[in-house]
Amino acid sequence: MKAFGYATTSPSNKLAPFPFERREPRPEDVVIEILYCGICHSDIHTAREEWGGTHYPFVPGHEIVGRVSAVGGKVTKYKAGDLVGVGCMVDSCRHCASCYDGLEQYCENGFTATYDSEDKIGGTPHEFTLGGYADRITVDQHFVLRIPENLDPAAAAPLLCAGITTYSPLRHWKVSPGQNVGVIGLGGLGHMGVKFAHAMGAHVVMVTTSPEKGTHAKALGADEVLISKDAAAMEKAAGTFDFLLNTIPVGHDTDPYMNLLKRDGTMVIVGAVEPLTHTNGVPFIFKRRSMAGSLIGGIAETQEMLDFCGRHNIVCDIEMVAMKDVNEAYDRTVAGDVHYRFVIDMATLHDTART
């Protein structure tokens with residue numbers, strides 16, 4: 001099945017028009033005409049091979065929203081015209097303990113990522129999966145998600161990564177009304193953490209280095225702002241938080257944040273997929289505190305998150321871009337010049353001649 005998108009062919013090349021192929025639908029498959037695709041920082045890291053091992057040509061995109069255009073004969077969950085999404089995964093082994101528990105993101109045999117994973121299903125000349133910066137995609141129905149029709153589909157796209165990345169730890173650690181919850185860092189992840197924690201009834205504190213970001217956070221639902229560079233304020237807040245969601249995207253000293261937790265409190269890392277620069281045992285030992293990590297969510301939990309968003313009318317704050325401007329959007333994302341997520345309007349893909 002012919003497809004058309006944008007790809008890069010090396011770490012230094014820009015994204016450019018790229019014709020390729022998707023597999024014809026199997027009985028269990030859903031074909032989706034893509035309407036919108038979010039730009040995640042992971043797209044940029046992979047395109048530029050900053051994490052190593054990227055396979056080229058590379059089509060990014062794992063925050064996909066579109067409408068079903070065709071289904072295989074055994075598909076029972078979806079029909080043509082349904083508004084659906086695809087996140088970071090398109091397959092997993094489905095027989096390990098994690099998959100049986102609905103935690104496909106922790107598949108013990110490795111899940112198949114929406115892009116740059118070995119394509120174990122096949123059906124195309126492409127050895128590795130190609131993502132959502134394209135006009136269509138074929139996905140097994142198990143990994144397709146239903147988008148509530150009351151949500152803005154463009155602003156819902158980043159829920160498939162930024163949304164579930166922050167929702168999953170808040171749910172797993174049972175954030176609830178009356179708890180004091182800190183969200184560290186205000187970006188694509190942090191702004192969703194604020195919205196979710198607020199909707200879950202917690203008292204939400206934005207922990208940031210920037211007073212300006214604190215103002216933005218209050219507009220998103222934060223009850224208070226704690227400036228982490230203010231030593232006196234940090235000392236006053238020590239031992240007062242039940243839970244911290246740490247969205248800082250780079251290595252950093254965790255000690256100042258660990259000291260904010262109450263006894264038995266937990267800080268969860270979702271942003272830094274690189275070494276933390278300093279971690280002292282004292283804040284853990286003397287208050288029985290914990291630090292943990294969390295990776296997106298399973299399919300069932302991602303659908304739960306989308307349904308939660310439908311009930312609470314939660315979407316991401318986005319800036320829409322045309323496909324021709326995707327390389328500029330990458331540079332702006334790296335510079336932090338976006339509030340809070342870029343989304344590509346795939347209708348603009350067809351403004352590019354298919355040559």
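Biologist: How do you know that strand 4 and strand 5 pair, and in which direction do they run?

Modeller: In this predicted model, strand 4 (residues 64-71) and strand 5 are joined by 4 bridges and run antiparallel. Two strands are taken as paired when at least two bridges are found between them, and 4 bridges satisfy that condition. One of the contacts can be named, since Ile-64 has Val-86 of strand 5 as its bridge partner.

Biologist: What makes strand 9 a partner of strand 5 as well?

Modeller: Strand 9 (residues 145-146) is joined to strand 5 by 2 bridges, again in an antiparallel arrangement, and because the requirement is at least two bridges, that count is enough for the strands to be called paired. Within this pairing, Val-84 stands opposite Arg-146 of strand 9.

Biologist: Why are both faces of strand 5 said to be covered?

Modeller: Strand 5 spans residues 83-86, with Leu-83 and Gly-85 on one side and Val-84 and Val-86 on the other, and all of these residues are buried. Buried means under 20% relative accessible area, so the residues on each side of the strand meet that limit.

Biologist: Turning to the surface, why is Tyr-106 called partly exposed?

Modeller: The relative accessibility of Tyr-106 is 35%, and because the partly exposed class lies between the buried limit of 20% and the exposed limit of 50%, Tyr-106 belongs there. Tyr-106 sits in the loop between helix 2 (97-100) and strand 7 (112-113), and together with Leu-103 and Leu-295 it makes a nonpolar surface patch of about 240 Å². Membership of a patch calls for over 30% relative accessible area, a cut-off that Tyr-106 passes at 35%.

Biologist: What makes the phi angles of Arg-94 and Lys-174 worth a remark?

Modeller: Most residues other than glycine have a negative phi. Arg-94, however, has a positive phi of about 70°, and phi of Lys-174 is near 55°. Arg-94 lies in the loop between strand 6 (89-91) and helix 2, whereas Lys-174 lies in the loop between helix 4 (162-172) and strand 10 (180-184).

Biologist: Why do Arg-94 and Lys-174 fall into their accessibility classes?

Modeller: Arg-94 has 34% relative accessibility, which lies between 20% and 50%, so Arg-94 counts as partly exposed. Lys-174 has 63%, and because exposed means over 50%, Lys-174 counts as exposed.

Biologist: How do you know that the bond joining Tyr-56 and Pro-57 is cis?

Modeller: Omega of that bond is about 0°, and the bond is cis; Pro-57 lies in the loop between helix 1 (41-47) and strand 4. A cis peptide bond also joins His-339 and Tyr-340, with omega about -5°. Most peptide bonds are trans.

Conventions: Residues are numbered from 1 along each chain as its sequence is written. This is a predicted model: local features need pLDDT of at least 70, side-chain atom pairs count only at pLDDT 80 or more; totals for chains, interfaces and linings use all residues. Side-chain values use heavy atoms; hydrogens and water are left out. Patches are made of residues with over 30% relative accessible area and no salt bridge: like charges are joined within 9 Å, nonpolar side chains (Val, Leu, Ile, Met, Phe, Trp, Tyr) within 5 Å. Accessible areas come from the Shrake-Rupley method with a 1.4 Å probe; for residues, only the protein chains shown count as cover. A salt bridge is a side-chain nitrogen of Lys or Arg within 4 Å of a carboxyl oxygen of Asp or Glu. Buried means under 20% relative accessible area, exposed over 50%, partly exposed in between (1.4 Å probe, protein chains only).
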